[in-house]
Amino acid sequence: MPRQGLTSARVSAAAAELADSVGLSRLTVAAVARHFGVSDAALYVHVRSRDALIEHVAVRAAATFADDLAIAVAGRAGHRALVGFADAWRAFAVAHPGQYAATQLQLPPEVGRNSAGHLRMIELSYAMLRGYGLDEPALTDAMRFVRSTFHGFASLENIDGFGHPRAVDASWHAILDAMHTTLTNWPTGKREQK
C-alpha cells in the first residue's frame, strides 16, 4: 500500500533534486527513500528500480529543458535563435547538472518514444537549425556539431574545467559567433564515401 502523501510525482521531483546535488551516478532508490524518511520498500511502490528512477528523472528534466529552449527561441531566427537556444542549454546544464546528465542518456525505446520533452527538444533543435537553410544530411551533421559543442562546454564548466583567466562568458560568446559563421557557411556538397 502506498505511503500517504508519497506519490510518483513527488518521488520523481525529489530524485531530480538529489541528482543535481549528489550527481546522477550517485542517485539511488535508497537515497530517495532516506530523503522521505521511509524504507526502500516504500519507494518501490512508486518506482520499480534504480534504472526506472533515472528514467523518471530524465523524462521530467527533458520536459523542463524543452520548455526553457522553447521560450529562448520563440520569435527568433538565425543568430538570435542560436544564441537564445545556446544560452538556455548552458543555463539548464549548469543549474541542473544531474538532471542535464539524465537528459543525455540513451533511454529504452519505449521510454524515449513517449517522452514529450525529449521529442520537443529534438524538434526545437532541428527547427533552430532549419533557420540556416540546412536540409538532410547536413541538418543532422550540423545538429551533431552543435550538440557536441554545447555539451562539451557545459560539461567542462560543470567541473570547473576552464582554468585560463579569460572570462568563460567571453569564450562562450566567441564560440557562438564562430558557430553562427560555420552554420551560415555549412558545406552542403556530397562527399564521396571512402
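A residue counts as buried when its relative accessible area is under 20%, as exposed when that area is over 50%, and as partly exposed in between. Keep that in mind for this tour, and remember that you're looking at a predicted model.

**Stop 1: a tilted pair**

Select F153 and F162. These two make an aromatic pair, with 4.7 Å from centre to centre and 40° between the planes, which makes the pair tilted. Now check how much of each residue is covered. F153 has a relative accessible area of 7%, so F153 is buried. F162 comes out at 32% relative accessibility, so F162 is partly exposed.

**Stop 2: another pair, along a helix**

Next, select F85 and W89. Both sit in helix α5, and because they are four residues apart there, about one helical turn separates them. Are F85 and W89 buried or exposed? F85 has 0% relative accessibility, so F85 is buried. W89 is at 3%, so W89 is buried too. Now look at their rings: the centres are 6.0 Å apart and the planes meet at 45°, so this pair is tilted.

**Stop 3: the aromatic cluster**

How many aromatic pairs does the structure hold? There are 11. To see a whole group of rings, select F65, F85, W89, F92, Y100, F150, F153, F162 and W172, which form one aromatic cluster. You'll recognise the residues from both earlier stops in that list.

**Stop 4: zoom in on F150**

Stay with one member of that cluster, F150. Leaving aside residues up to four places away in sequence, what does F150 touch? Light up L82, F85, A86, W89, W172, L176 and M179, and you have its contacts.

**Stop 5: the largest nonpolar core**

Time to zoom out. In soluble globular proteins, nonpolar side chains tend to be buried together. Here, the largest nonpolar core has 38 residues, and L129, F150 and L183 are the ones touching the most other members. Colour helices α4 (50–73), α5 (78–95), α8 (116–130), α9 (138–158) and α10 (168–184), since each of these gives two or more residues to this core. The largest share comes from α5, with nine residues.

Apart from this core there's another one, made of 26 residues. To find it, select A42, L43, A52 and A58, which are among its members.

**Last stop: an annotated stretch**

Finally, select residues 28–47. An unreviewed UniProt entry labels this stretch "DNA-binding region". The span is 60% helix and 0% strand, and its end C-alpha atoms lie 11 Å apart.

Conventions: Residues numbered from 1 in each chain as written. Predicted model: local features only at pLDDT ≥ 70, side-chain atom pairs only at ≥ 80, totals over all residues. Heavy atoms only, no water. Core = buried A, V, L, I, M, F, W, Y, C linked by side-chain atoms within 4.5 Å. Buried < 20%, exposed > 50% of the residue type's maximum accessible area, 1.4 Å probe, protein only. Contact = heavy atoms within 4.5 Å. UniProt positions renumbered as here; feature names shortened; annotations may be inferred. Phe/Tyr/Trp six-rings, centres within 6.5 Å; stacked < 30°, edge-to-face > 60°.
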